[in-house]
Each structure stands twice: as structure tokens, then as C-alpha cells.
Amino acid sequence: MAAAEGAASAVPRSGPGPERGAPHAMLWEDFYRSASPAQQVELLSLAARQGLLYAHQFPSTNNGTKAKVPEPSAGPLHLLANVLEGHTQDLAAVFPPPVAVHDIELDAGQREAVARAIGTPDLCLIQGLPGTGKSRVAAEIIVQAAVRGQRVLLLAPGPAALDRVLEILADCELVCPVRCLGADEKAEHLPSFVRAMTFAEKVRSLREQSVQCARQGREQAEHSCRRRQQEGSLWPRLLELAESWQQLDNERAALRERQAQVPEQVRREAGAVTADSEVPAASPFIAALVVSAKTRRKILARIDAALEGERLEQTASQQILEKLEGLVAPLRPLAVARQQGRWWSPARWWALLHGDVVGRLVALESQIETARAALKESDETIQGLSAERATAEQGAQAEWAHLVDAEAHARQEDLDAQQEALAHEAALLQNKWDNLCQELELPGERPAAPAVTAVNAAHGLWQAQAGQDEERCTFARQWAAYLEGAAENLATRLPDYTNLVASTTATLAGNPHFGDAAAGRQNFDLLILDDATFVTESEFLQAARRASRWVLIGQPTMDGEQLPAPAKPASSKTSRSGAPGMPGLAGLRCGFFQRLWHHLHADPSRLPYAWVQEGERICCRLRTVAPDQRRWVESERVADFPEIELRILALPRLKPALAEVVFPAAMSIHEAKEYLYRELQEFPVQTPGRCLKWHEEPERLLLRLARAPGADAQPVLLEQGVREWVGCAQAEAGGDRPAAVWHTCRIEFERSAGWDRVRAEAWIHDRLQIRDLGRTACLEVPHRMRPALAAVLWDLLFDEVLPAERDAGSCPAVEFVAVPPLTRGRGLRDRIKAERAGRGVAPSPLAGNLPRSGAGLELDLAAPRHGDRLPSELRAGLPGRGFVNYLEAQAVVRRLEKLLADVASPLSADKIAIVALYPAQVELIRRLIQQAAPLQKIGASIPVELPGAFQEREWPVILLSLTRSHAHRTVTFGESPRALALAMTRARTRLILFGDPGTCARRSQWQGALDHLDDAAAGREGLLITRLVRYLQGQGRHPRALHLSEGSSA
Amino acid sequence: MTAATSLAFPGSRALAGWWRQLAPLQPQSLWVGHLFLHRVECPVASVWPQALDGLNRFVLQAVAAEQARPRSGQQISPSFLQRLDKRLHLGPSLLRQILRALALEGLAEVAPHGEWALTAQGRAALERGEYPRTSHERRVFHFVEPAGGGTTSGQLPHFLYLNGHLGVPWPVGVDWSFDVNVLHACVRQPAAWKQQHSFPEEVREILPLAAGTAVPAWQRVIVDRPERLPVVLVLAGVTDSNRQFLGFAVRQERWALQATHPVFILREDWHAPFPELGRGPSETACRQAWRLWCQPRGLLAEDVEACDLRPDDLHLHVAAPTSLVERLRTARSDALKGEAWILIGEGTLRRAVVLDVRVR
């Protein structure tokens, strides 16, 4: 909030009078920002109680004076200054919640870094080795800040780091970036996506492209309006057609209905016809039906009459038969009794009385037979007549049906003809309709069907669209006119709408739009300083004023770099070696970033404890005892446990302190740890891990200390619910520091025992004096490099241990091509011979001794006669000074040819780059490539550069020419150890080093300043070369990852 | 509050010089002294009418048009920003920032379906061409402490518009206090009062410390800083209609009067902040001032006491014995030329009058 006078005018920051600058003259915001957190809390509490604060209640500093008045904008910097001085005790730990990242490929560590950067109230440091995704994290932080409506200032010492981040953000609509152009940069040399982000290009785009597009938009809108006007007359015609169509459709529907009713109608008409019906004159169908009916009636009448007569006869026969049977029935028993002589039966006697009963019976039965036969004949006659009648009936019905069907068919044909005529008419209408619809330009606006409702609906939409087009046209005209007149004005407002300003540290101050001149207007919510390792404190503080929060991204120091060193301006002077000073590298002194990291980051690997094996016994070192202090170490035994030896450091005039505890051989590491914790309240944790990583699980809290999970680790119960998991690692062969035999993998806190995060953190802080302030994040996963390559390089350059992973690559990750060949190494020679003989033994690091001095293959072009040792065609045009190594350059080119021609795994030219440490060697290799026949077509596309040219760039395969090969002197390699490290870390899958092993071996023996390198830089280079030599001797942490080849065989 | 005796006051020559500087104003009365002020720095919500500029107007129009545009549910439509960019051709990323700026002004917002839309204020701004812009800022208000201190007099501090001038910080005792309700009461005053007292009308609210607004709690703290402002107060104008009460700042180092621009101007009701100035000087005060003037000039006490004193707005008429007048004449005193100025009273504000010595 800006402070302003009660009325419109602004209040000057300090008023007239002798008290100017006195404590009371400060404004509240300035005072508050400069107050300590405790004072801030106290003041807010007081304000809440009183309703306001009085200026005389502002607290004093410890010496009784009022708090120092900061500069108006120095409030946040006050905290920064405190942190730089190591005063972090007042900093409250922050644990920001996770954020929903846009880049879903970020790993957990990167997401944590983003969350911490976004959530920090003041400062956040992110550290990661090359290839761990720092640029992606920076880009994600920018996106997250943009989502939150924050403005970000992205700074880096060089443009390469900036452009790397901007490349990731190129298509992100959330960010409206401006890339500030350096004084020595030209827009036309920038990549297209960066050029589009420069202020000039954006202004040009506004002035030209936007105005041009606005004009085109206006023309299109006007065209649309004109088209609408033309289309307006179509709608009445469409409506007329739709009505015609509708009418036609109705007719066709009616016809179809009639067609459907024809059979029924004909049947109905036929049903009404009888033989007695009158025959209309114009209806042959009815007439035929009547004739048919009459014929039927006549036939049936005849049959019916015959049937009647036959039935009468049948009835009479039946009656006769019944009568005869009535006469026969009484005679039949008498006749039986007479015939059978049943004299005892009255019937016999009765039959005797009634004459010839038997004869009468026979006569009657004969009559009965006759009657029955007549009856049967009558039945058959009746059946025949009935059948005849049925046949006649069927014939009549068939004829009837035939007449009906024929009539129906005739009528259907008539209707079909009408239908066809209507269809033809419809086709004509459809044609007209289609033609008319085609005149409506937009298919979506055409009526869905030739119907009145559809036309009306489409017309309604068309009218709405026409209204919008009219409005759009008006808008486009006004907007184009405005842009034509106000493009300049818009350009001046562009900085206000920019939410990402990317600039080098050197360029920002002088930038007219975002530099110091615009500092009052153009401030930022967040400053992201990439490559902070290469930025001086003053540069950072100058830029830090522009933002209220800062995120610094850097990489760890190379092992051996000292903290902190004074900033020294980069020198542009060319050294004797001819290597130009690399911006941000040559004059680099590690400084404030490492200091900040040191103060803010809780690094468990910095704990002073060490567990080592002394013969059969385990020794726990509780503090570091320098060799010259050893004489002050006194030994004594524990009274109740005399097998345990206590070593006490009793320095003169200082309180004796327990330095080491040595346990008997019978005690295991777990027993030793339990003893130390239980009896001495010591919690000596040794771990190679560099971060405190808390993991919250439902049943426990985990503090992971080591990068490796520690599958073989065993628990040590420290107290209720607290377990320390201790793993055992193999000691480093030939390491340059005490081997970390035992290390703490993790510490567990059981929730069931009452542990929560706050309590566990307090416990750790109490015992180890380290706490995670939530302002640092480590990126530890090598994304860019092949794991085996990363493992070797991180070991060589940063003394970082990566978990050993199985390398799936078919070729070695690191290869050292010895120039000249190591003919003195008999074992190696034998192996190479074996390989040539096809016995499948791959060349491996030399187990024996390396040459003790170099082969003297380098040529100093500044020396009078050295140049003569080069072929004349190559010598001309080379720089007048600097080092070249002709044999090594040849080896590089031969290896290049071999890589490109390798049938088994051919490489394309765009996957290889060559780095040399000296400009003259760079030029020599270029010339050799041009001369090499196999490379003439593609050689030009292979970059050959100094290390500085490869900053923020990487290739799958890097060929690195170390160049130096001195016969008797110890020499340096390149401009600086950082340049060498930069060159080595540019490879993604394979690094092929070319060098003289003897020169390397000699370099590893030298200590102290050398050539242009001071003590520190020479020490770092020496350490790097020493580790390399160790690998050449088959040692180092990952000896299998480095292979040694012979230069001559290359 | 520090006693008036510890304060420095100008001498006759300085007063005479000031009189010449102020003469064009035709002063009717003159006071000199020190104002004790509460410099109250507090967070306020101010509302200003802000004209809608061309770019914002067009963007709002485009958003409104896109809002009104029927959505096609069938085909996959481009994003809102892309559609907007088809109208404006500024690029989606720049458009997003412009929209975000409009959202900060309360003119646009992201609707629930994820597209931008005008707020009610945005629609009103499109219609009227301007909009009320609310800004949260820290403002400074000055309140003049009543003469003698508010605690003793029972009067409350009165708002005084100082036109950007600053007093000097002033050490105070623990009894120094300020009632924030006085400030709240000023904000609640009607517009006429605010105009009359030059209280900023755009200030609509004093942000409370406790409420959870977008402004962090620490920025909502009200701070009162005691200040002292050496001033010359002038009552100018002959008639009531043109009468005005002006305050001019004085630089105490050389008693330099900053007469070009008054620190404040009061018209009606000018005596409300300074009620003690409405009363004329008492006889005792006049006598005391006369004695103090005479004391360093070696005048006989009986002559001094024998004088008749009659004050008016700008003069202290002294009817003196001949011997006193003669003595002054011998000493070539300014009093006989009408150029001797004295201050009457013992408070922090004292009436300045010119001596008019005549023979009784």
C-alpha cells in the first residue's frame, strides 16, 4: 500500500526539520519490515490491544538506540542481510503445501522444490547438479506464480540459462514474457522463440502484426456484413418454397392414405352388393359382382331343392324302418323258443298258439333290410348334393374375390400414377431448394429441412448471427481505428502487462523498460535467479531490491571449493594458454549462494560424527580431531564397562571434551549406538545424504537421510517409538577420506507412541542441532544423463554418491582414449590384443601404474619452432598462440569417423559434439574434420567449440579433447576447473575423453597454485584430475563405468 | 505534552518581517506558536472515479460480446482467450494479463465454467465510461491537539488538512493518546463537512485491524506519531464572506516564514480546531507581555505599571507616562515607530500584536 497524504498529494518520506531521519520519521511499513519477527509479533499484539500504535512505542535495539532506519525499500533486504550473516535463528520454518503442477513429468523432488519456491515468504534456494531439471523447475515456478497473478523477474548471469527456461515456456499462455536484450546481443541472432519475446519484437508485433490483423478482421467483418445483406433476400423465397413443399407433402400424404384404404374400400363396396342389387351404369365392377351373385344363387337353389326332396325320402324310409323293427321285436323271442324247442318255456307254447312265427319273422327282417338299404342310399345322395353345394359356394366366392382383387389392383395402379406425378413435382422443388440453400454461405445457417418451421428457425438464428456480425463489424472498425492510432500507447503499457521479465544480471539495470529507471513502477513479486552460483552477492542484492521474494537456483560447489570467497570481477584478459575468459565462469568465485545454502540448508552430511573400524573394534568419532590435536587426546576406560575406551580431547585452556568412543570387538554397531544414546545421550549420525526428507505415513513418520533406501539396514531402538535404521556400506577403495562404513538410512517415529511431525522435528533439532527451515530444496535425480555417466561425473566433479544402477547401455558411459597409447601397460596391451583376436575381452581401466610424466605431444603455438611440427596446410590460419595436440586431434577425428560409420550402432552427426579446452585445438580439429574425406559431407554440421559455447546445451555424445601433453612440466587443463566441469557435463549418454594419461598422472601429484590458477582453483582441478587418474587405475566408486582405449587403435 | 515554556518563540524583528510578508492578506489578527499534531497513519479504502481507457473498454466490449455469443454444443470450440484474440489480435498471453488487470479492478472475473465474464461493475463501467476504483492504501491524517492537551481540556483532537506539509516528530509522555473513533467519525461525516474541512471524500473506510481483508494484518495497523509544527496563524478578510483563517509554516532555524503556500486554510467554523483563539487576550496577559517587553529595556517599574493597556486585534495600545515615552525615544525604540511586536499569552499559541505607545 502506498502511503499518501490525507488528500490526494503524496507524503514525502521524511519531513523538514532537524529530526529528519530520526526513528520517528520512518513509516510503519519500513519499520515493520526492518523489525525482527519477535518485534513484529509484539507490535501486532500491542496494536490489537490498543487499537493503534504510537510511534514512541516502537521497540529499541539491544544497545538502547532505536532501530536503524532502513532505506525505503530495504525492508525485505534486511532479512536477506541477516541470513547472509548466518542469523537464521529467527526464521520460522515453513512447510508449504503441495502444488498442482502443470508439468506433470516433474518428479517428487522437483515438485517439492516448486512448492517450496512458491510457498516461501522470503527466500528459497534450489540446488541441483547438472541435468537434474533446474530449468524445468524454474519454468514451473514461473507458471505457478503466473497462475497466482504474480510478476516474476527471471535473472541469470548469462543468456543461455534464461533462454533454456524461456524455451520451456514458449507455448505457455499463462506467461507474458519479455526477454531483455543484452548490449552485445542482437535480436536476429537469437532463436526465434526468444526473439519473439524481446520488447522490440513485441512492440513491433503490436504495431504491425496486431494492426494488420485488426484491419484484416475489419475487412472480414465487413465482408460478412455484405454477405448477410445479400442473403437477406433469400429467406422469403426459401419460405415460399417451404410452403409449396409443405403443400406437396400434404398431397402426397393424402394419396398415400388413400392407397392404404383401397382394399378395404373395395371390400366394403363388394360387401354391399347382392344378387338383387341395382347395377349402376358406370360401374362394371358392381355389375360383375351382381352377375356373380345371381349365378351363385341359381346354382345353389337347384342343389338345395334336390337336397330337400332327398331328405323327405330319407325321412319316410326311416319311419318304415322304425315300424318294421317294432313288429319284429315281439316275434324274435317266440321264434327263438320255438326253434330251440324249449318246451318248458311259455314262449314256445305261445308261439305254437300264434301260428308261423318264424316265417313272419323272416319276412319282416327282409323288409327291414330293404328299408335300411334305401336309407343308406338316401344318405349318400344327400352327401353328394352337399358336396356339390360347397363346391358351388367356393367357386362363387373365388370369383367374387377375384373380382374384388382385380378392382383393388386397378384402383392402386391409378393412385400410383398420381403418386409418381407428385414425386416428380417434389424433385423439382428439392432442386430449387438446394440451389437456394447453396446461396447461404455458411452450411450451419441453412434450414435443416424444407419446412416452414425449419426455415423460420434458421432465419431466426441467421438474424441473430447477422446482428452479431453487424456488432462485430462495428467493433472491428472501431478496434482497428483505435489500434492504428494507439499502437504506440499500447507499447508503452506493455511493461505493465508483462508478468515475466527475463534478463541477465548485467543487463537489467540499464533496461529502459524494466531497469533502474523503471524501478518504482516495475517491481516484482518474485525474483528467480538461475545459475545463482555464478552471481556475485552485490549483483544479487542490486536485483533483489526489485522483488519481495527470491528464489535462487544453483548447483553445488565442485568438491574443494572454499566458502566463501570474495567476488572478483570476471577478467576478459586472455591467458597464456590462449583460452578466452568465459563470462561468468573464468572470474567466478563461489560466494553468496553457497553461503546462503550453508546457512539455510539442513545438511546431515555435515554432522561431525563418524563411525570407523579400528582393527576389530568400532570407533565412534563424536567430533573432528585434527592430526596436530592428536597429542592432546587422552584415553580412559569406562568404570563399569572397562572394555569401552573413551578418548577425551583436552586442549590447553579449553574444557575437555569427549572426542571418540571405541567399543570392544564383541559389541555390534547396534549395541554401540544403543549404548551411546542410553549412557552418554549422544546420537552420532553419519550419513552421506545431504537432505532431511520427511515422509508421513499413517502409522509412522520417516526421516530419510540416505539417498539409497538401505535394504540391508537394521533398526536400533533409541527410545519409545524411535528407531534408527543403520546400514552398512562397503568402504571406498582408495578413497581420499575416511570410509563411511556405517551410515544411518532413516529414523522412524511411531505415531502410536505419540510422535507427530512437530515433536519429531523438535527431537531431531535437540539432538542433531539441525532443522529444515523449508527454504531449500535439493534436486537429486539425474534426468538428463544416463545413470552410469551421471554416477561417474558426479563422483568426479562433486564427490556425490549416486546409487549404483545396472547400466543398460551397450557402450561404456565414459571412455578415456589414451594419446599416446599406453604401450608400457603390459596388461592392457594384452587385453587389447585379446580383443583384436576376437576373444571378447573389452578394454578396461589400467590396473597397473600410469606413466609418471606426459608424452610431450602438445605444441605451444606461441613458441617459435613448435608450429613447424604441424603440417603446413594446417598451420596457416591457426591462432598465433595457444596449445594444440596434433595426435590427439587426429585421434578425435578418427574416433568421430568410427562413431559415424559404426554399423552396429550408427550415430547421426547431430548427436555428436566435440569440445576442446583451447581455441587453437578447436580450430585444428575443425580443419582436420574438413580434410577428412568421410566427414566432408557432414563434418561441417558437427559443432567443435570451447566449453563456454556449450553452456545450457547438451548432446548425446561428447568428445572432449583435454589437449595438454607436456613432457616434463605439470600443466593445467583449460581456463578453469569449472570450464572443464562444464565440458564434461554436456554429454547425455556417452563421454569420450582424449588425453595424455601421463600428463594427468603428473597433474594429480601437484598441489598448490599452478599457471593462471590460484590455490583454490588449482586445488579443485587437481582433485578432479586425481579422481580421473584413480578411475584410469581401475579405482573410484564406479570403476566399471569407465573404459580405457588406446589412441592408436581409435 | 511539553510545556509551552520549553518552546521557542520568535522575537519582535522576526514578527515584523513576517508582518510585511503577510500584509497583502490584510490580516485582522495574528497568532504565533506551535501546533501539536497527531500524525495518524492508517490503512483506508479509497474510492476514486476512474475513467475507462480505450484498451480496457474494447477488451470489456469483446468479453461482453463473447459472453453474449451463443455456444455451439456440438463442435469443439476454441478457448475463450482464442476467441477473444480473434477479435483483438493481441495474443492470448497479453490478453490474459489485460484481463487479469481488469479482474484486479473488479471489472472482469473468471466465471464458474472457466470463461471470462464481466462483473456487474464491469457492465456499469462499459455503460458509463468510468468506474469507482477502490484502492487500499495507507494515508496520513493530521489531527490538531487542543491547546492545553486533550486530556486536561476534555476536547477531542480536530482534523486539520495540512496540504502535504509535515511537522517534526516530538517527544511526548505516556499520557499521549489518540481516540481512533475521532478518525472514524470524520469518515462518517457528510460530504459538506468533508469539503469544508478538506477531508478526503474518497476515503470510505478505515480498514479494521481484525477483519480479514485482502490486506495483511500488519498493514492494517494504525500508527499515531506526535508532531509539532511551528506556525503563524492569520485571520484575514474584512467581511464575514471573505474571512479566512490561514496557517503558515515556519522554519524554526532562522524563523523563516513559508508565506507562499499556507499549510491550511479554514473558512467557516475556523475556531472549531482553535477555540482558545476566539477569545481576546486578558488584561493580565497583556500586562505580563508588556512587562516582559519592558524588562530588558531598563524602564522604571513604576512607569511600566502606570501604563494603561488596551488591546485590540492587532495592537496593544499603551498609554504611558511621559518619562517612559521619553526614555524610549532616547533609546530610539521601535515601539514609537509602530514596529515593535510582542506576543501575548503563555500558551502554545500566542497572539502577536504591535505596540502602539503614546503619552498618556
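Two strands count as paired if DSSP finds at least two bridges between them. Helices (H or I, at least four residues) and strands (E, at least two) are DSSP runs, numbered from the N terminus. Everything below comes from a predicted model, where local features need pLDDT of at least 70, side-chain atom pairs count only at pLDDT 80 or more, and totals for chains, interfaces and linings use all residues. Residues are numbered from 1 along each chain as its sequence is written, chains are lettered from A and ligands numbered from 1 in the order in which they are written, and side-chain values use heavy atoms, with hydrogens and water left out.

**View 1. A hairpin in chain A, made of β9 and β10.** Strands β9 (residues 610–614) and β10 (residues 617–621) of chain A run antiparallel and are joined by five bridges. Look for Val612(A): its bridge partner in β10(A) is Cys619(A). Two residues sit between the strands of this hairpin, and Gly615(A) in the turn has a positive phi of about 65 degrees.

**View 2. The two ends of helix α11 of chain A.** At the N-terminal end of α11 (residues 346–353) of chain A, Ser345(A) acts as the cap, with a side-chain oxygen 3.1 Å from the backbone nitrogen of Ala347(A). After α11(A) comes Gly355(A), with a positive phi near 75 degrees.

**View 3. An antiparallel sheet in chain A with two helices across it.** Here five strands make an open sheet in the order β14-β15-β18-β17-β16 (chain A), and the pairing is antiparallel. The edges are β14 (693–696) and β16 (714–719) of chain A; each has a single partner strand, so one side of each is left without a neighbour in the sheet. On average, neighbouring strands of this sheet are turned by 25 degrees against each other, direction ignored. Inside the sheet, β15 (residues 700–704) and β18 (residues 742–750) of chain A are joined by five bridges, and Leu703(A) stands opposite Ile747(A) in β18(A). Helix α17 (residues 669–680) of chain A lies across β16, β17 (722–728) and β18 of chain A, at about 15 degrees to β16(A). Helix α18 (residues 757–768) of chain A lies across β14, β15, β16, β17 and β18 of chain A, at about 150 degrees to β14(A). For these angles, axes are lines fitted to C-alpha atoms (for helices, over the stretch in contact), and values run from 0 to 180 degrees between N-to-C directions.

**View 4. A parallel sheet in chain A.** This open sheet has six strands in the order β24-β23-β25-β26-β20-β27 (chain A), with parallel pairing. At its edges stand β24 (944–945) and β27 (1042–1046) of chain A, each with a single partner strand, so one side of each has no neighbour in the sheet. Strands β20 (residues 814–818) and β26 (residues 987–995) of chain A pair over five bridges, with Ala818(A) opposite Gly995(A) in β26(A). Helix α19 (residues 787–798) of chain A lies across β20 and β26 of chain A, at about 50 degrees to β26(A). Helix α24 (residues 977–984) of chain A lies across β23 (912–916), β25 (955–961) and β26 of chain A, running at about 140 degrees to β25(A).

**View 5. Where chain A meets chain B.** Contact (heavy atoms within 4.5 Å) links 61 residues of chain A with 63 residues of chain B. The two chains bury about 5,300 Å² between them, 62% of it on carbon and sulfur atoms; that area is the accessible area (1.4 Å probe) lost on putting the two parts together, summed over both. Three salt bridges cross the interface, each a side-chain nitrogen of Lys or Arg within 4 Å of a carboxyl oxygen of Asp or Glu. Zoom in on Glu66(B) and Arg472(A), a salt bridge whose closest N and O atoms are 3.9 Å apart. The largest share of the side of chain A that touches chain B, 12 residues, comes from α13(A).

**View 6. Helix α1 of chain B and its buried residues.** Buried means under 20% relative accessible area, exposed over 50%, and partly exposed in between (1.4 Å probe, protein chains only). In helix α1 (residues 12–22) of chain B, the buried residues include Leu15(B), Trp18(B) and Leu22(B). The buried residues of α1(B) pack against strands of chain B, among them β1 (27–51), β8 (223–236) and β15 (349–359).

Key
Polar contact = N/O pair within 3.5 Å; in protein donor to acceptor, adjacent residues only side chain to side chain.
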